[in-house]
Amino acid sequence: MNNPALFDQIIVKLRTTTEVTQVIHSLEEFSGTAFGPTDIIAQQQIFQKLPKEIADMLINSLTKQSPTAEGKILIKRQVNELLDKLRSCKSVKLTIAFQPDDATVSLFSDWIKTNTNQSALLDLQFDRSIVGGAQVIAGGIYKDYSVRKNLINRYQIQRDEIMELLK
Amino acid sequence: MIIDPIALIFLTIAITTLAVVLFFLARAFTKNAQLLHETEKANAHLQEQLSEKPIRLLEKAHEQAQEIMDQANKKASEILASSKTYEDNSSQILRDKLSDLEKQQATIFTKASEDMKLAYQNLITQIQEEDINTLKSMTKDIESDVLADFKEFRDVLEKETINSEKVVKEKIDEEYLALEKDLDEYKTQKYQKIDEDIYKILYRVSEMVLNEGIEYDKHKELVMDALETAKKEQVFQ
């Protein structure tokens, strides 16, 4: 059983919680067809909705051969374990003020994986009101490194001066 | 029928005894009847004497009374005659004595009048002096009373003024505190409003200026800086 290796391969390619959710949905759909009449092409089509590299990995691992009844059970178990692992992945929630492109998402994800955990995922949120920078939530800790927060801090420091100017 | 001799003897003795007793009783009765007769006679004599004696006594008393009255009249006439003489003598003496007494009284009254006049004058002088002294004393008393009253009035006035000042000061302090509280609340509300407005303005200006002004690479840089800072602050531990 090569399930741990499959998880490790997949998790390296997965960057965000959105992508993981898509994979989980696909695996759940696949799991629902595991004990029905075997239609390899239909099963492969389930994974083709995912990014190509991940889809190829899943197709090669789970649908290449027409399994026996015993093999179906093993695949089912493998899928369930994979689902459990994916569901238990830790994530870092990052709220930013701009819409990042794919390269930028990769940049942030790589940084997260490198500096925290290889299986760590990025939960990206978009909020223009923070102006710039980011709000970070990780392991139950919230930190606000946004430009808005910096402005507020600066305003608090210079509040009295601003008040004097407004009088 | 045969009678017992003994019983006959006894009967004879009893009859004899009764006869003796009867004899003595008859004799005593006779004596008593004589005594009663003598007594009635003496009684009649006495009654006769008693009916004659009061009249004689009254007549005798009347005679004696007449005699006493005659003697009394005679004595009274003598007394009146002697008293007339005495009256004449007494009147003359009395007139002389009255004349002397009148003279003495005139002298005494004259002297008394002069004494009284002198005493009255002295009294008036004394009263005048006392009046003057009293007046002076009264003036001084009035002056001291007025001064004391004035001092008391001034003290009361000062006290009332101080109390009034204190009350006014307390009232002003209370008003000032209330005003200060209101002012603080107003300032707090105003600050909150200004804060909210400032935040809104800052957000709006920041959004308008910075969002338009921050370049994409700068955004990326800011996020990376944020991640680095989070790492330094051990958010990912």
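In this predicted model, 26 residues of chain A are in contact with 23 residues of chain B, where contact means C-beta atoms, placed from the backbone, within 7 Å. Local features here need pLDDT of at least 70 and side-chain atom pairs count only at pLDDT 80 or more, while totals for chains, interfaces and linings use all residues. Residues are numbered from 1 along each chain as its sequence is written, and chains are lettered from A in the order in which they are written.

**The A–B interface**
- On the chain A side, α6 (102-115), β3 (133-138), β4 (141-146) and α7 (147-166) each chip in at least two residues; helices (H or I, at least four residues) and strands (E, at least two) are DSSP runs, numbered from the N terminus.
- The top contributor is α7(A), with seven residues.
- By class, that side of chain A has 17 nonpolar, six polar and three charged residues, with Ala, Val, Leu, Ile, Met, Phe, Trp, Tyr, Cys and Pro counted as nonpolar, Asp, Glu, Lys and Arg as charged, and the others, Gly among them, as polar.

**Chain B and the core**
- Chain B has two helices and zero strands.
- Just 3% of its 237 residues are buried (20 or more other C-beta atoms within 10 Å of the residue's own; exposed is 12 or fewer, partly exposed in between, with C-beta atoms placed from the backbone).
- The largest nonpolar core (buried Ala, Val, Leu, Ile, Met, Phe, Trp, Tyr and Cys residues joined through C-beta atoms within 7 Å) has 37 residues, and those with the most contacts inside it include Leu94(A), Ala134(A) and Val223(B).
- Helix α2 (residues 216-232) of chain B gives the most to this core, with five residues.

**The β3–β4 hairpin**
- β3(A) and β4(A) pair in the antiparallel sense over six bridges (strands pair if DSSP finds at least two bridges between them).
- Two residues sit between these strands in the hairpin, and Gly139(A) in the turn has a positive phi of about 55°.
- Ala134(A) has Tyr145(A) in β4(A) as its bridge partner.
- Leaving out residues up to four places away in sequence, Ala134(A) also touches others, including Leu94(A), Val223(B) and Ala226(B).

**Helix α5 of chain A**
- Ile75(A), Gln78(A), Val79(A) and Leu82(A) are buried in α5(A).
- These four cover an arc of only 100° around the axis (taken from the directions from the helix axis to the C-beta atoms), so they lie on the same side of α5(A).
- The face turned away from that buried side carries the exposed Ala69(A), Glu70(A), Asp84(A) and Arg87(A).

Note on methods. Two residues are in contact if their C-beta atoms, placed from the backbone, lie within 7 Å.
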